Amino acid sequence: MTTATEQTVLKRSIAATIVVGATGVLFGLLSGSVSIVFDGVFSVVDAAMTLLALGVTRLIPRESSRFQMGFWHIEPMVLLLNAGLLTTLSFYALINAVDSLLSGGRELAFDWAIAYAAVVVVICIVMFIYGRRANRTIGSEFLALDVRAWAMSGTITAALLVAFVVAAMLKGTAYEDWTPYADPAILVVLTLCLIPLPLKTVYAALKEIFLVAPAELDEKVREAARNAASRHGFADYRTYVAKVGRARLIEIYLIGSAETRVDTLASLDAIRAEIGAEIGEAGRDRWLTIAFTGDVKWAQ
């Protein structure tokens with residue numbers, strides 16, 4: 001896994017998701033299961049979103065004369081679109097499942113349904129483990145969302161497998177009349193459990209789009225600015241932080257007084273270096289601006 005990159009993992013995830021999605025739609029139609037069709041459509045939508053995420057990961061490292069602040073802002077937008085679609089799909093599946101329950105359920109071909117569920121559970125487990133291990137070193141929000149999507153798909157399909165096996169065992173018993181309700185009933189339970197998962201991603205993406213200051217980063221930057229102001233005799237400071245995708249945007253203003261003395265530009269650069277080292281995690285993902293002024297209006 002040491003050679004795996006974000007784009008490599010996403011490409012393999014896309015390929016596996018397309019296989020699962022196409023298989024789900026086909027087996028869902030053959031077995032007459034709305035749950036399997038939902039599982040397949042869920043996978044197709046996820047594959048499309050992962051493909052979009054792959055395009056963004058290629059775009060982010062590029063430089064552009066027209067987009068001089070970079071393309072970081074696209075990442076939370078894609079996450080919002082991805083999670084929003086998965087949430088909408090889950091709500092739609094819930095409505096269909098309730099309608100099917102009220103209509104008397106559905107007759108299923110359990111052999112097709114069980115075969116599909118067993119194969120897909122294995123694929124989901126393999127991709128979940130693969131993606132999670134890769135992301136331990138990569139640390140990508142896109143991969144984290146992709147891993148959660150595999151977990152959701154695997155949970156859905158595992159529950160379907162259990163429901164199909166139990167329902168198939170009821171054939172020929174006194175409870176056979178209940179078997180048509182197995183498929184929509186388990187889909188209702190699953191969608192109610194799964195809807196909160198993409199909603200968490202929606203919330204996190206909206207916070208980044210609206211530039212809500214992350215509490216941990218805000219405190220770290222404030223402490224670094226406060227220490228620098230104390231060491232070098234500045235009267236006050238102002239800090240502004242935001243997290244957009246994987247980028248951390250940081251602005252610090254050190255406000256001097258009439259007694260503040262600055263010898264050379266080199267001394268100011270040395271103060272910048274001190275603050276940057278204290279904040280840490282330097283790199284192209286950190287956009288750090290440190291300014292010095294004697295008038296507080298320039299810091300507001």
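This report describes the fold, the hairpin, the salt bridges and the aromatic pairs of a predicted model.

**Overall fold**

The protein chain contains 9 helices and 3 strands. In sequence order these elements give the pattern α-α-α-α-α-α-α-α-β-β-α-β. The C-alpha trace spans about 90 × 40 × 30 Å along the principal axes of the chain. The radius of gyration of the protein chain is 26 Å, whereas a compact globule of 300 residues would have a value near 19 Å.

Of the 300 residues, 44% count as buried. The accessible surface of the protein chain is about 15,600 Å², and carbon and sulfur atoms hold 63% of that area. Among contacts in the protein chain with a separation of 6 or more, 76% are between residues 24 or more positions apart.

**The loop before helix 8**

Helix 7 covers residues 196–209, and the loop between helix 7 and helix 8 contains Leu211. Leu211 is not a glycine, yet its phi is positive, at about 60°. With a relative accessibility of 47%, Leu211 counts as partly exposed, because the exposed class begins over 50%.

**The hairpin and the loop after it**

Strand 1 (residues 236–244) and strand 2 (residues 247–255) run antiparallel and are joined by 9 bridges. One of the residues involved is Arg238, whose bridge partner in strand 2 is Tyr253. The hairpin has 2 residues between the strands, and Gly245 in this hairpin takes a positive phi near 65°.

Strand 2 is followed by a loop that leads to helix 9, and Arg261 lies in this loop. Arg261 is exposed, with a relative accessible area of 65%. The C-alpha atom of Arg261 is separated by 8.7 Å from that of His232, although the two residues are 29 residues apart along the chain.

**Salt bridges**

The structure holds 6 salt bridges. Three of them are set out below, with the N to O distance for each pair.

| Pair | N to O distance |
|---|---|
| Arg222 and Asp218 | 3.2 Å |
| Glu274 and Arg231 | 3.1 Å |
| Asp269 and Arg272 | 2.9 Å |

Arg222 and Asp218 both belong to helix 8 (residues 215–232), where they are 4 residues apart, about one turn of the helix. What is the accessibility of each partner in this pair? Arg222 has a relative accessible area of 35% and is partly exposed. Asp218, at 19% relative accessibility, counts as buried, because the buried class covers values under 20%.

The pair of Glu274 and Arg231 has its closest link at 3.1 Å, N to O. Glu274 lies in helix 9 (residues 265–279) and Arg231 in helix 8, so this salt bridge ties together parts that are 43 residues apart in sequence. Glu274 counts as partly exposed at 32% relative accessibility. Arg231 is partly exposed as well, with a relative accessible area of 46%.

Asp269 and Arg272 both lie in helix 9, 3 residues apart, or about one turn of the helix. Their closest N and O atoms are 2.9 Å apart. The relative accessible area of Asp269 is 45%, which puts Asp269 in the partly exposed class. Arg272 also counts as partly exposed, at 31% relative accessibility.

**Aromatic pairs**

The structure holds 5 aromatic pairs. Which class fits the rings of Trp178 and Tyr181? Their centres are 6.1 Å apart and their planes stand at 55°, so the pair is tilted. The assignment follows because planes under 30 degrees apart count as stacked and those over 60 as edge-to-face, with the rest taken as tilted. Trp178 counts as exposed, at 57% relative accessibility, whereas Tyr181 counts as partly exposed at 29%.

Elsewhere, ring pairs link Phe27, Trp112 and Tyr116 into a cluster.

Conventions
Residues numbered from 1 in each chain as written. Predicted model: local features only at pLDDT ≥ 70, side-chain atom pairs only at ≥ 80, totals over all residues. Heavy atoms only, no water. Salt bridge = Lys/Arg side-chain N within 4 Å of Asp/Glu carboxyl O. Buried < 20%, exposed > 50% of the residue type's maximum accessible area, 1.4 Å probe, protein only. Phe/Tyr/Trp six-rings, centres within 6.5 Å; stacked < 30°, edge-to-face > 60°. Rg over C-alpha atoms; globule rule 2.2 N^0.38 Å. Contact = heavy atoms within 4.5 Å. Areas by Shrake-Rupley, 256 points an atom, 1.4 Å probe, with all protein chains shown as cover. Pairing = 2+ DSSP bridges.
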